[in-house]
Amino acid sequence: MVESAPSEVDARPIPSDADVIRRGVLIGLGVLTVIQWRLAAWNPWNLEIFRHQALTSGSLATSVVLASVCIEGWWTFRGCFPRLLLGLAGIPLAFLALIALCSTFVWKQTVHGVEAVSPDGRVQAVRISTAGLLRSSGGLVLRITDGLDRRSDVLYECDEEQQLAGARFLDDRTLEITDRNGPKTVLVRFDKNLNPRGATPCP
């Protein structure tokens, strides 16, 4: 009886349990990181829990995904040259991830006081300052602390002088911001979830 030659499909190596586990962990980590990043960036309800800088960092999510690709490629390819390229590619990725993590841990926000409260008492306009890794800035945010914590930026990236702005509510859904150094005023209208239609950076 003549035995038939093994087909190309049968000749392919079967992945070991370690390979399957490693690939599952790397793929799952990358997919979950991208999903949480996009959810935190979308955040149409302005939930405070999604506003942490680590969750909204696109640099951190990109670094995790590309680092996972480099790790899998390093284990998959056997040649010295591909491994060298993947190893060199991992250096800037690790540096980028380190910067993103440092920015997250160094980032600190301070509340300086409530500028105004809506007529129904539900929404507060709060003046804040943010200290980051490279620069510090100030701004004005809308905040609800009754029930689910919600917050949205209405004036942001202001320097120390610009952040001193007066604010008052014209009604439950409209905030008027007045620049104390000039006659400029900005009207910010928002919905029940604090999604503003007039958010603006400081000039």
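A residue counts as buried under 20% relative accessible area, as exposed over 50%, and as partly exposed in between. This scale is used at each stop of the tour below, which moves through a predicted model.

**The whole chain**

Begin with the entire chain in a cartoon view. Four helices and eight strands are present. Followed along the sequence, they run in the pattern α-α-α-α-β-β-β-β-β-β-β-β. The chain has 203 residues, of which 30% are buried. Switching to a surface view shows an exposed area of about 13100 Å², with 63% of it supplied by carbon and sulfur atoms. Among contacts in the chain with a separation of 6 or more, 43% join residues 24 or more positions apart.

**Strand β1 and Thr 110**

Select residues 108–117, which form strand β1, and locate Thr 110 within them. Is Thr 110 buried, exposed or partly exposed? Its relative accessibility is 32%, so Thr 110 counts as partly exposed. Next, add Ile 128 to the selection: the C-alpha atoms of Thr 110 and Ile 128 lie 5.5 Å apart, although the two residues are separated by 18 residues in sequence. Beyond residues up to four places away in sequence, Thr 110 touches Arg 127, Ile 128 and Ser 129.

**Helix α2 and Thr 33**

Move to helix α2, residues 17–42. Thr 33 is found in this helix. Thr 33 is buried, because its relative accessible area is 11%. With neighbours within four places in sequence set aside, Thr 33 is in contact with Ala 61 and Val 64.

**The salt bridges around Glu 72**

Six salt bridges are counted in the structure. To see several of the residues involved, select Asp 19, Arg 22, Arg 23 and Glu 72, which are linked in a network of salt bridges.

Start with Arg 22 and Glu 72, whose side chains meet at 3.1 Å, N to O. Arg 22 belongs to helix α2 and Glu 72 to helix α3 (residues 58–76), so this pair ties together parts that are 50 residues apart in sequence. Arg 22 and Glu 72 are both buried. For Glu 72, the relative accessibility is 17%, which means that this residue falls in the buried class.

Now display Arg 23 beside Glu 72. These two form a salt bridge whose closest N and O atoms are 2.9 Å apart. This pair, too, links distant parts of the chain, with Glu 72 in helix α3 and Arg 23 in helix α2, 49 residues apart. Arg 23 has a relative accessible area of 32% and is therefore partly exposed.

**The nonpolar surface patch**

Return to the surface view and select Ile 27, Val 31, Leu 32, Ile 35, Leu 39, Trp 42 and Trp 45. Together they make a nonpolar surface patch of about 750 Å². In soluble globular proteins, nonpolar side chains tend to be buried together. One member of the patch, Trp 42, lies in helix α2. Trp 42 counts as exposed because its relative accessibility is 55%.

**Two cysteines**

Select Cys 70 and then Cys 80. Which of the classes applies to Cys 70? At 12% relative accessibility, Cys 70 is buried, whereas Cys 80 is exposed, with a relative accessible area of 69%. How many disulfides does a search of the whole structure find? The search finds zero.

**The largest nonpolar core**

Turn next to the strands. The largest nonpolar core has 17 residues, and Leu 142, Phe 169, Leu 175 and Ile 177 touch the most other members. Two or more residues of this core come from each of β3 (136–144), β4 (150–158), β5 (165–171), β6 (174–179) and β7 (185–189).

Centre the view on Phe 169 and display its surroundings. Apart from neighbours within four places in sequence, its contacts include Ala 116, Val 117, Ser 118 and Pro 119. Leu 142, Leu 175 and Phe 190 are also among the residues in contact with Phe 169.

**A salt bridge between Arg 151 and Asp 153**

For the last stop, select Arg 151 and Asp 153. They form a salt bridge, with the closest N and O atoms 3.2 Å apart. Which partner is buried, and which is partly exposed? Arg 151 counts as buried, at 8% relative accessibility, while Asp 153, at 27%, counts as partly exposed.

Terms used. Residues are numbered from 1 along each chain as its sequence is written. This is a predicted model: local features need pLDDT of at least 70, side-chain atom pairs count only at pLDDT 80 or more; totals for chains, interfaces and linings use all residues. Side-chain values use heavy atoms; hydrogens and water are left out. Patches are made of residues with over 30% relative accessible area and no salt bridge: like charges are joined within 9 Å, nonpolar side chains (Val, Leu, Ile, Met, Phe, Trp, Tyr) within 5 Å. Accessible areas come from the Shrake-Rupley method with a 1.4 Å probe; for residues, only the protein chains shown count as cover. A salt bridge is a side-chain nitrogen of Lys or Arg within 4 Å of a carboxyl oxygen of Asp or Glu. Buried means under 20% relative accessible area, exposed over 50%, partly exposed in between (1.4 Å probe, protein chains only). A disulfide is a pair of cysteine sulfur atoms within 2.5 Å. A nonpolar core is a set of buried Ala, Val, Leu, Ile, Met, Phe, Trp, Tyr and Cys residues joined through side-chain atoms within 4.5 Å. Contact means heavy atoms within 4.5 Å.
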